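Me: I would like a close look at a single part of this protein, namely its salt bridges and what they join. Please take me through them in one connected account.

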Amino acid sequence: MKKAVKANVHWVGKIDWDLRRFHGYEYTTHNGSTYNSYLIQEEKTVLIDTVWAPFDEEFVENLASEIDLDTIDYIIANHGEVDHSGALPALMKRIPHKPVYCTANAVKSLKGQYHADWDFHVVKTGDRLDIGNGKELIFVEMPMLHWPDSMATYLTVDNILFSNDAFGQHLANNELFNDKVDQCDLMFEAMKYYANILTPFSQILRKKLEEVVALGLPIDIIATSHGVIWRDNPMQIVEKYAAWANDYQENQITVVYDTMWNGTRTLAEQIAEGIRSADPDVAVKVFNISKSDENDVITEVFKSKTVVVGSPTINRSILHSMAGFIHLMKELKFKNKKAAAFGCYGWSGEAVGIMNEMMKDAGFTVIDQAFKINWNPDEDARRRAFKFGAEVAKA
Ligand code: FEO
């Protein structure tokens with residue numbers, strides 16, 4: 001069922017309450033998600049984006065129950081990823097000759113995925129499309145936010161920015177707008193989305209935000225492709241993105257570890273106590289990564305000024321859970337964060353040195369060379385772990 005956004009703009013997407021993993025199994029979605037598609041009915045009828053492929057027939061049938069599909073004049077594909085373009089093949093089967101407006105890179109991604117030769121119309125930043133009643137669409141390329149093919153579409157007069165993935169959240173809700181949902185859920189999911197998907201592109205994002213502001217387009221509504229639409233103070237999320245894109249951190253230190261026989265766990269807890277004792281204002285969080293949600297811990301890393309990683313030595317190396325998590329942090333290209341490493345060992349004790357090197361390679365500034373304890377921590381080792389935590393807090 002379509003839902004009113006503003007004037008002659010309606011939401012015609014899909015709420016996916018069931019979704020618990022996104023991008024394959026890469027990203028956890030505790031609150032589900034939505035795939036937002038928008039219908040604009042002026043003198044010309046425009047469809048912006050579609051939904052994820054499993055819902056393609058449902059989407060097309062719903063749309064056909066709202067309008068005669070033949071009345072669609074323009075299809076806008078802001079981004080080729082399958083969660084937004086997935087219903088295009090089913091739709092284009094019904095209306096094969098309708099023009100598809102997208103970036104040059106989106107022609108590549110759509111052809112690459114669907115091997116279809118639709119009537120593509122390539123657009124660039126600043127290109128305009130007249131849709132009648134004095135309204136136009138203006139296109140803004142958003143390369144690497146987060147695919148090379150991404151763009152946003154702006155609707156004049158109604159002042160709506162259809163931003164696609166940017167400013168989105170994986171948050172299923174029957175409510176359409178940001179002022180109608182739980183604000184903690186909303187901001188948690190918005191930050192998690194940024195931390196896990198957009199962090200590597202922060203530098204590009206900073207420039208793009210400046211470019212969009214320089215266009216001088218009034219923005220009353222930001223209609224994203226996931227989650228709720230920003231209508232109440234829509235610039236609040238733009239301001240958040242500006243802060244998040246600027247090597248964001250809070251006064252937080254996060255300890256991430258894995259353990260075999262609880263020795264490294266004991267150190268983790270003592271280190272956290274030591275941090276707290278040295279700086280009562282710092283937020284300290286501790287996660288056993290093999291028992292935690294990696295995407296949620298990435299969000300905590302995003303908020304942190306320092307990340308302390310721990311693993312016992314195994315096979316002259318580290319536990320694969322920690323190796324995988326450090327790899328994930330490296331992929332996300334965090335900037336301006338410090339790191340320290342710790343762990344227990346029985347025989348050779350390579351883990352701490354390996355993690356220090358891995359954290360350096362991941363772009364962190366390592367603040368201590370080695371804190372390792374032979375065998376199970378005794379009282380003295382616990383005291384040293386506490387002291388190590390205090391030193392990390394002061395570093
Ligand atoms: Fe929501 Fe990049 O797709």
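Reply:

**Salt bridges and the domain contact**

A search of the whole structure, which is a predicted model, finds 17 salt bridges. One of them pairs Lys14 with Glu58, with the closest N and O atoms 2.8 Å apart. Because Lys14 belongs to strand β3 (residues 14-16) and Glu58 to helix α1 (residues 56-66), this pair ties together parts that are 44 residues apart in sequence. Glu58 counts as partly exposed, at 36% relative accessibility.

Helix α1 also carries Glu61, which forms a salt bridge with Arg94 of helix α3 (residues 88-94), so that parts 33 residues apart in sequence are tied together. The closest N and O atoms of Arg94 and Glu61 are 3.1 Å apart. Both ends of this pair are partly exposed, Arg94 having a relative accessibility of 41% and Glu61 a relative accessible area of 42%.

The side chains of Asp296 and Lys192 likewise meet in a salt bridge, with 3.0 Å from N to O. Since Asp296 lies in helix α9 (residues 294-303) and Lys192 in helix α5 (residues 183-198), the parts that this pair ties together are 104 residues apart in sequence. Here both residues are buried, Asp296 with a relative accessible area of 19%, which falls under the 20% bound for that class, and Lys192 with a relative accessible area of 0%. Elsewhere, Glu42, Lys135 and Asp158 are linked in a network of salt bridges.

The pair of Lys192 and Asp296 leads on to the domains, for the protein is divided into domain 1 (3-244) and domain 2 (252-394). The centres of domain 1 and domain 2, taken over C-alpha atoms, are separated by 39 Å, and their contact takes 13 residues from domain 1 and eleven residues from domain 2. Between them the domains bury about 1100 Å², with 59% of this area on carbon and sulfur atoms.

The count between domain 1 and domain 2 is one salt bridge, and Lys192 and Asp296, whose closest N and O atoms are 3.0 Å apart, lie within the bounds of domain 1 and domain 2 respectively. Across the same interface there are seven residue pairs in polar contact. On the side of domain 1 that touches domain 2, the elements giving two or more residues are β5 (27-28) and α5, and the largest share, six residues, comes from α5. By class, that side of domain 1 has seven nonpolar, four polar and two charged residues.

Notes. Residues are numbered from 1 along each chain as its sequence is written. This is a predicted model: local features need pLDDT of at least 70, side-chain atom pairs count only at pLDDT 80 or more; totals for chains, interfaces and linings use all residues. Side-chain values use heavy atoms; hydrogens and water are left out. A salt bridge is a side-chain nitrogen of Lys or Arg within 4 Å of a carboxyl oxygen of Asp or Glu. Helices (H or I, at least four residues) and strands (E, at least two) are DSSP runs, numbered from the N terminus. Buried means under 20% relative accessible area, exposed over 50%, partly exposed in between (1.4 Å probe, protein chains only). Domain bounds come from an automatic or database domain assignment. Contact means heavy atoms within 4.5 Å. Buried area is the accessible area (1.4 Å probe) that two parts lose on being put together, summed over both. A polar contact is a pair of N or O atoms within 3.5 Å; within protein, one must be able to donate a hydrogen and the other to accept it, and residues adjacent in sequence count only if both atoms are side-chain atoms. Ala, Val, Leu, Ile, Met, Phe, Trp, Tyr, Cys and Pro count as nonpolar, Asp, Glu, Lys and Arg as charged, and the others, Gly among them, as polar.
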